[in-house]
Amino acid sequence: MAVDAPVEVTTTPITSSVTLVSSASPKVGAVLEASFEELLEDPRVSASTAVEYISSRANTTSCIYIYDLAEQVGFGTLTKIWSKTQEGTSPVVDLQTRAGAGLSLVGRLSEGTSSDTANGAVLTAFTSPQGLSLMAPALSYLPPATALSRLVVQVPNITPAGETFTLSPTLANFATVLPILPENIVILASATSQETVHFTQLSYQLSSSHVIHIFDHFGSSRESGHATIPLPAKDYGNVSVSEAIQRAGYSCFEYAGDPEAHTVVLSLNGPLAVAAKAIAYKNRRGFAAVSVNVLRPWDEAALRSVLPATVKIVHVLDDVPNTTTKGPLYIDVFSTLLDSVDPPIVHSHRVTPSQTQVYVSSKDSFRTFLATLVPELEDPVPSIMKKMMFFSTPNTTLSNLPSLVEGTLSTSRSLSSRLSIDHDVFSRRGGITASRILLAPKSSLDSGDIPIPIVLPYDEHTSGEVDFLAILDQTILKTHSILKYAKPRSPLLIVTSWTAEELFSNLPVQVANLILERGLRLFIINVTDVAEKLIGGTGQSQDVISNIVAYLAFMRMYLSGAATEENVLTLAIGSYGESMDDIELAKLNSETWDALEEVLITHPPAEDRSVELREFESNAIAIETDEGDTIVNGARLSSWHDAAKHLLFPTIFSPPTESTDEEFPQDPSLRPELPERTFLVTCTVNRRLTPKEYDRNVFHLEFDTSGTGLKYAIGEALGVHGWNDHQEVTDFCEWYGVNPKRLVTIPVPGSEDKHHTRTVFQALQQQIDLFGRPPKSFYTDLAAYATSKADKYSLQFIGSAEGSSTFKKMGEKDTATFADVLKLYPSARPGIEVLCGLIGDIKPRHYSIASAQSVVGNRVDLLVVTVDWFTPSGSPRYGQCTRYLAGLQIGQKVTVSIKPSVMKLPPNDTQPLIMAGLGTGAAPFRAFLQHKALLRSQGKAIGPVYYYFGSRHQSQEYLYGEEIEAFILDGIISRAGLAFSRDGPPGAKKVYIQHLMLEDAQDLARMLKHEQGVFYLCGPTWPVPDMYEALCGALEKYQGLSKDEAGEYLEGLKEEERYVLEVY
């Protein structure tokens, strides 16, 4: 190995005003400080950034919904930052992508259901192609668009694919949902930076349409180096979509190539469509390409008019998930051309995601494919184009060098320079960054700019395409196969702290061999040494000097034999002035000139140091904020080491949620508006216990709780979240004049910013207490919506203090519901969303659990009686929840929750129990008895159990009678007092359970006074005074207490939880 003296170079002056060390892309704040025209003229601003800028303006849209999948492909982050820091930006709502995504958007725009409709709302959504596929079914509910109420969806066309999440421009996800999108949605597709800016502006000016705009976020739109101009100021809103596109300077179908072509390739506008048009422009011999700019509405006449009569074959390229899926674009083209006078043959080419990846990662593979359709196609990339690559690691001193270089080159009026930056966070801990720069005379780009990934892909089988390759982190040489991108005999710059000898000893053998085989001119420089020599120490000043040194080394090598020390100095002064940090640039240039060494490798290493080198794959997009934070794929990282974790586990970077160790955590999609923990159980038994001819329907329910994690203690209550009656809701919707299938967005109770969306019917049946009793405030609130003076005054009167008696009559006697009040005062008819807010939610009804989980396992039982009555006018009334429960079918799902209860068993199993249950008040005591029987079966001692039960007729309403008799026979129940008040002979005095308690007064007094006995009463409130008197009398008679002392003693038992009432 030999080390030559520094090479002699000359240079051509180029000026630049790029700022060192900071990113060459303008900072977030700087973007908003510029005018719109200045922003577009700045080549450092990518088209994707311009899309966010246009879409986020308050005069463009009223609200921006950013789905997580958009941020995960690097789109939407800037908008969120702007909304928090800058005026003139619309508010942002974060949304998670799941099945049904888009319902909240539809709900806000649905006619008659949203205040946004009346006030005017142009909503914007950011999502990815995958997110759009999940959103599509919900969009079928969109109401017709108006100038004041419409939806614009911006879709960056880029999708993670494969095991390493390599970024791809495939639209395969979209193919399966396009047929179900409604006809009232315009679908625009853009590919070049200029198209992207114009189509974004146009999407907000098509004032009578909902719009989906798909743009190339894979290639052109993320590149810097494109200066664009705004959309011409014209009327685009009062004409057809086709006319609007023409006024913007485009057409629904863009044709390029031979005007008399016989073979045409047609595809949706995107990076491959741009490449196809460039190839067709270069090869005009019978070949042309057509890109589809407007996919919906599909303009058959426009397609026929753009195809010349000479066309014999049309090849349609369709992105599809697999080869068995028929492409929707082919169907549109085939049906359009079928009725032509001399229809061409239409061939379908189904492009799967894996095939798309081949086209964008393998040099010339797409042109090779097209050559199977039209032979001998020339490369459209001008041979004079220069290609450069820089490899570095993120957040290092020189990570912004490629941006500085491109910024300098972009100032030339005759040159076109473009930069694309990609990151790989899987193949190396902490990530690796690749930057590609294309440089060509503007005069050579007649066919337009082909996206950088098509011109210079990360091709693992490349034979060398790059004219200049720079390695800015020496360690990459030992981990990645990157020197293969260098063209034979091209210059290679390695920024390293190694000496030439150390570099040679550290190179893997295959890297050294490749340098030899291709005759690469290898240069090394230690920029840190140069900076320390000139400025000393560390910090930002040293970083600045290091970047200048690297920049000057690049310019000297890039200009090669045309460079001289004097000309490079002139270039540096034009860029940075006479000095930098008090160091004269002449001194800095001289030191750089001396420090740059060319290393000649004459033979491979003696020892075999071959290692497995990894490939670079683009799988991450990074955004730098003003605060210096790095956001990769939507995740704000503490370090680049987190980036791969975010790709694998994106949920760990989502907003934090409360952690849980539960085996069955709360399902967030199950009644999200409810504050309590809910469970979805299944009805397995619904059995009537009373005879059908009996006037009271008492029924027994069993629910399967398997897999829900529902646990309950003995005596607790089950909260049932019941539904309103199906037919009553249907009748109300018809009377109110609202479409039950319309979507309504309702705030989640207790939350200021959370909403959930469902159909009007679902809301009125499952959530809104439409058939409940209104409070007094409802009348006052409703009066504001009455258009009739009589209705307004009546409602105001009932809601006032003077109307108390009328309110009481309507509530207690007439039992008027919310729906009744609306029908009584029909001119008061607020929008359905407002009405839902006025009424409020159905409250859960709680029922004592009639089972012990220790006995029944994954099951919960209820004992319920149907509540029904007639109003004074003869109208039937029903208890909302008991009606719902009575109608449950086997297998039906029910949302439930658990409520603690005062009905608890005492801590000592031998304490006496005195249980008094009236009617369905027997429910908790069934659970008590089941548990006592279990204890007895386990050989454990239990105390005496006195069970009192009361109902009207033993033959009809002896609830769980067979079980009670079995408990008596087994000795679980020590004493049973059964009172059936209507079973006595006519005229006889009715017997209630308090009468039977008097018969046992001596035992009851003893157990309560001396044996730590516990008394329970469950049922209606009316017998409470009689029960109280019976117990007080027993204590007076058999324990020698006075009446007052007996009362005080019972009050004391309440404090000890030994006198327990659960009455209603």
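**Exercise 1. One face of a helix**

Task: Which residues of helix 32 (residues 832-839) are buried, and where do they lie around the helix axis?

Solution.
Step 1. List the buried residues of helix 32: Ile832, Glu833, Leu835, Cys836 and Ile839. The model used here and below is a predicted one.
Step 2. Look down the axis of helix 32. The buried residues fall within an arc of 160 degrees, so they line one face of the helix.
Step 3. Recall the geometry. An α-helix has 3.6 residues a turn, so residues three or four places apart point the same way.
Step 4. Check what follows the helix. Gly840 comes after helix 32, and its phi is positive, near 90 degrees.

**Exercise 2. Reading a sheet**

Task: What is the strand order of the open sheet of five strands, and which strands are at its edges?

Solution.
Step 1. Write down the order: 10-12-11-14-15. The pairing in this open sheet is mixed.
Step 2. Find the strands that pair on one side only. These edge strands are strand 10 (253-257) and strand 15 (345-351).
Step 3. Add the twist. On average, neighbouring strands of the sheet are turned by 20 degrees against each other, direction ignored.
Step 4. Take one pair in detail. Strand 11 (residues 263-268) runs parallel to strand 14 (residues 313-319), and five bridges join them. One bridge pairs Val265 with His315 of strand 14.
Step 5. Place the helices. Helix 12 (residues 271-282) packs on the sheet and touches strand 10, strand 11 and strand 12 (287-292). The direction of helix 12 makes about 155 degrees with that of strand 12. Helix 14 (residues 328-337) also packs on the sheet, with contacts to strand 11, strand 12, strand 14 and strand 15. Its direction makes about 155 degrees with that of strand 14.

**Exercise 3. A histidine in strand 14**

Task: Is His315 buried or exposed, and which residues does it touch?

Solution.
Step 1. Locate the residue. His315 sits in strand 14.
Step 2. Apply the cut-off. Buried means under 20% relative accessible area. His315 has 7% relative accessibility, so it counts as buried.
Step 3. List the contacts, leaving out residues up to four places away in sequence. His315 touches Thr263, Val264, Val265, Leu266, His347, His349 and Leu373.

**Exercise 4. Salt bridges across the chain**

Task: Which parts of the chain does the Arg296 and Asp332 salt bridge tie together?

Solution.
Step 1. Start with the total. The count comes to 32 salt bridges.
Step 2. Inspect the pair. The side chains of Arg296 and Asp332 form a salt bridge at 2.9 Å, N to O.
Step 3. Place both ends. Arg296 is in strand 13 (residues 294-296) and Asp332 is in helix 14, so the bridge ties together parts 36 residues apart in sequence.
Step 4. Check burial. Arg296 and Asp332 are both buried.
Step 5. Look at the peptide bond after Arg296. Arg296 and Pro297 are joined by a cis peptide bond, with omega about 0 degrees. Pro297 belongs to the loop between strand 13 and helix 13.

Task: How exposed are the partners in the Asp342 and Lys312 salt bridge?

Solution.
Step 1. Take the distance. The closest N and O atoms of Asp342 and Lys312 are 3.7 Å apart.
Step 2. Place the pair. Asp342 is in the loop between helix 14 and strand 15, while Lys312 is in the loop between helix 13 (300-306) and strand 14. The two are 30 residues apart.
Step 3. Classify each. Asp342, at 55% relative accessibility, counts as exposed. Lys312, at 46%, counts as partly exposed.

Task: Which residues are linked with Glu702 in a network of salt bridges?

Solution. The network links Glu702 with Arg859, Asp861, Arg926 and Glu963.

**Exercise 5. Positive phi outside glycine**

Task: Where do Gln1012 and Glu1057 lie?

Solution.
Step 1. Recall the background. Most residues other than glycine have a negative phi, and most peptide bonds are trans.
Step 2. Take Gln1012. Its phi is positive, near 60 degrees. Gln1012 is in the loop between helix 39 (1001-1010) and strand 41 (1014-1019). At 43% relative accessibility, Gln1012 counts as partly exposed.
Step 3. Take Glu1057. Its phi is also positive, about 60 degrees. Glu1057 is in the loop between helix 41 (1043-1055) and strand 42 (1059-1063).

How values were computed. Residues are numbered from 1 along each chain as its sequence is written. This is a predicted model: local features need pLDDT of at least 70, side-chain atom pairs count only at pLDDT 80 or more; totals for chains, interfaces and linings use all residues. Side-chain values use heavy atoms; hydrogens and water are left out. Two strands pair if DSSP finds at least two bridges between them. Helices (H or I, at least four residues) and strands (E, at least two) are DSSP runs, numbered from the N terminus. Axes are lines fitted to C-alpha atoms, for helices over the stretch in contact, and angles run from 0 to 180 degrees between N-to-C directions. Contact means heavy atoms within 4.5 Å. Buried means under 20% relative accessible area, exposed over 50%, partly exposed in between (1.4 Å probe, protein chains only). A salt bridge is a side-chain nitrogen of Lys or Arg within 4 Å of a carboxyl oxygen of Asp or Glu. The arc is that of the directions from the helix axis to the C-beta atoms.
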